[in-house]
Each structure stands twice: as structure tokens, then as C-alpha cells.
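Subject: Handing over the structure, with notes on what was found

Dear colleague,

I am passing this structure on to you, and since it is new to you I have put the notes below in an order that can be followed alongside it. Please open it first and then read on.

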Amino acid sequence: MAAAAADGSSDDSMEGLIASSANRDGNYCLSCGKDRIIRLWNPHTGALVKPYKSHGREVRDVNSSSDNAKLVSCGGDRQVFYWDVASARVIRKFRGHNSEINSVKFNEFNTVVVSAGYDRTVRAFDCRSQSSDPIQTIDTFQDSVMSVNLTNTEIIAGSVDGTIRTFDIRMGRETVDNLGHPVNCISLSNDRNCLLANCLDSTVRLLDKSTGELLQEYKGHICKSFKMDCCLTNDDAFVVGGSEDGYIFFWELVDAPVVSSFRAHSSVVTSVSYHPTRACMLTSSVDGTIRVWT
């Protein structure tokens, strides 16, 4: 894939880019960053579809609903912005965090939004309610919470305190997996059985989601001071991660050798996301570019 990608990437340039992600069907992508603007792109043509402007500070994360009708975003404003995609209008601003917010996600039904912040909390908000206040606050972390993910029944969050905490919503139970190194990104395997964690000791770790057992470690990249994504390919065969030197790494899932690495950007690769069905990948960097690799 690397050789084809190196020849076939399409570029869109923005200053101070922090994050990018594909929507659920992979037909569009979203970007956000220090210029306070969220942008909706067609990644296959490079065309800007629509900008979303309302944030007063940098935007650190953006997520689209499964029906592509709504967006949520977060960052330096200390609020979660809930958007209507078609009109680019902010429907509501959810409050409760008392510091910058690092990560935000919709649940599967697009009814609840969960955010993770520097204030050591994870907060859940009800999109159907008229209230802007959280319906649940989780405050058991010892340091900044960098990344949050959701399943049907769980909230899973990774923190600089070195833990991944899983909250079973139905049982009201918390499970803690201590990795011993600051966690700056977590993602789920496509079969939902495994967790991938990018840690600030330049190691990506694979855990069994139900038992917390460490299954594998992936090394070779540099990850010491930036929040950087990691993910699995859509067939769960390879682990993909960025590096602070601009490289992208592919590791074989089971035995963890580096099967490919290539220079994708001129600076830190902050975001990596894989197309849900096709051999296609989206990457972005603090160099201000989003690249589509096929």
C-alpha cells in the first residue's frame, strides 16, 4: 500500500491542523485545528464542502453522527458544540468541563455525546434534552483524559495517568487497565474484541477488551509528546500509526513486525483513519495537510 499511496495522495493544506477523521461511510472527512474552523471535505476530490465557524478557540476533535446529519466538536472553548450539518448551525453548546476538551464521540444511536477533558473527567450529554448540563460525570482519573470511545454498553477512555478505564453503563461498574505509560489515543478493533492504545513511550499496545490482557506491542515510531492516532485496517489484519517524524507505520497484528513505513508528511502525523470498506486511508499532520492514500 505504501508505494501506491506515496504516488497517489491528494493534499489539502490548512494551518495548525490538529485532527481529521472520515465519516462513518468514508465518503466525507472532517478536519479541525488552531484556526477554530471545522471543515467538511470530499476527500476523493479534495473539494471543500462546507466550513463550520463558531468556536472561539482551537478545535481539538470533531465527530459525525452515524446518519451524517449532526456533528459534535470540542477544544479550547471548554464546551461541546452540537451542530446541524446541513445548515452549519450550532444547535446547542454542552457545558460542564472546566478546562480544554480533548476528545468527543457520539454513541451508536446519536442520542448521547461523551467528551474527555484536561479536567480529568469524562462527561456524557443527552442530545434529546434541552439541557446543556451533563447527565453523567466520571471523575476517577488522576490526570488529563485524552481519548474516549464508545460501544453499545460501555464508555472507554484513556488518560495521561497511564490507565484505560472502561465504564459498563448497564452495570455501573468500572474496570481499570494500568499500562504504566501515558495513554494519548485509544481505538477499538472492528470486531470490538480488542483495544489499541498509543502510549507516550513510543509504543502502541493491543489489549483484550474483556480481560485487559496485553496481547502485543508495536514499536519503531516516535510518540513522546504529541497526541497521535492509531487504528486497525478494516480487516483487523494490520495496526496503523503515525510518528512524530512524519512517517506512517504498518505492523502485522499478530507477530508485530513493521511490514511498511513511509514518509507521509513533513511533520508530526496527528491523525490516521482507515476507510470502513476500501483500501483507503486518511492522514493529517501539523504540517497543515490532509492526505488520502489508496
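A residue is called buried here when its relative accessible area is under 20%, exposed when that area is over 50%, and partly exposed in between. Please also keep in mind throughout that this is a predicted model.

Salt bridges

With that cut-off in hand, Asp61 can be placed at once: its relative accessible area is 11%, which is under 20%, and therefore Asp61 is buried. This residue does carry a charged partner, for the side chains of Asp61 and Lys105 meet in a salt bridge with an N to O distance of 4.0 Å. Asp61 belongs to strand β6 (residues 59–64) and Lys105 to strand β10 (residues 101–106), so the pair ties together parts that are 44 residues apart in sequence.

The search of the whole structure finds 11 salt bridges, and another of them joins the side chains of Lys209 and Glu154, at 2.8 Å from N to O. This pair, too, links distant parts of the chain, since Lys209 sits in the loop between β20 (203–208) and β21 (214–219), while Glu154 is in strand β15 (residues 154–159), 55 residues apart. Lys209 is buried, with a relative accessible area of 19%, and Glu154 is buried as well, with a value of 14%.

Arg165 forms a salt bridge with Asp161, where the closest N and O atoms are 3.7 Å apart, and Arg165 is buried at a relative accessible area of 9%. The arrangement extends to a third residue, as Asp161, Arg165 and Glu174 are linked in a network of salt bridges.

Pocket and cavities

Lys209 and Glu154 come up again when one looks at open space in the model. The second largest pocket holds about 180 Å³ of space, and of the 13 residues that line this pocket, the closest to its centre are Glu154, Thr166, Thr175, Lys209 and Ser210. Strands β16 (163–168) and β17 (173–178) are the elements that give two or more residues to the lining of this pocket. By class, the lining of the second largest pocket has 6 charged and 6 polar residues, with 1 nonpolar residue.

As for enclosed space, the search of the whole structure finds 2 cavities of 30 Å³ or more, and the largest cavity contains about 80 Å³. Its lining is made up of 13 residues, among which Ala22, Gly26, His275, Cys280 and Leu282 lie nearest the centre. At least two residues of that lining come from each of β26 (269–274) and β27 (281–285). In the largest cavity the lining divides into 9 nonpolar and 4 polar residues, with no charged ones.

Cysteines

How many disulfides does a search of the whole structure find? The search finds 0 disulfides, and two cysteines may serve to show how the distances fall. For Cys194 the closest cysteine sulfur is that of Cys230, 13 Å away, which is too far for a bond. For Cys231 the closest cysteine sulfur is again in Cys230, at 7.3 Å, also too far for a bond. Cys194 is buried, with a relative accessible area of 17%, and Cys231 is buried, with 10%.

Paired strands

Strand β23 (residues 238–242) pairs with strand β24 (residues 247–252) in the antiparallel sense, over 5 bridges, and within this pairing Gly241 stands opposite Phe249 in β24. The hairpin of β23 and β24 has 4 residues between the strands, and there Gly246 takes a positive phi near 90°.

Strand β24 is also joined by 5 bridges to strand β25 (residues 258–263), and these two run antiparallel. Ile248 has Phe262, in β25, as its bridge partner. In the hairpin of β24 and β25, which has 5 residues between the strands, Ala256 takes a positive phi near 70°.

A loop residue

Lastly, Asp35 is found in the loop between β3 (29–33) and β4 (37–42), and at 26% relative accessibility Asp35 counts as partly exposed. Asp35 and Leu17 are 18 residues apart in sequence, and their C-alpha atoms are 8.0 Å apart in space.

With best wishes

Conventions: Residues are numbered from 1 along each chain as its sequence is written. Side-chain values use heavy atoms; hydrogens and water are left out. On a 1 Å grid over the protein atoms alone, a cavity is a set of points where a 1.4 Å probe fits but cannot get out, and a pocket is an open set with protein on both sides within 12 Å along at least five of seven lines; lining residues have an atom within 4 Å of a point. Grid points are joined across faces, edges and corners, and a volume is the space filled by probe spheres set on the points. Ala, Val, Leu, Ile, Met, Phe, Trp, Tyr, Cys and Pro count as nonpolar, Asp, Glu, Lys and Arg as charged, and the others, Gly among them, as polar. A disulfide is a pair of cysteine sulfur atoms within 2.5 Å. Buried means under 20% relative accessible area, exposed over 50%, partly exposed in between (1.4 Å probe, protein chains only). Two strands pair if DSSP finds at least two bridges between them.
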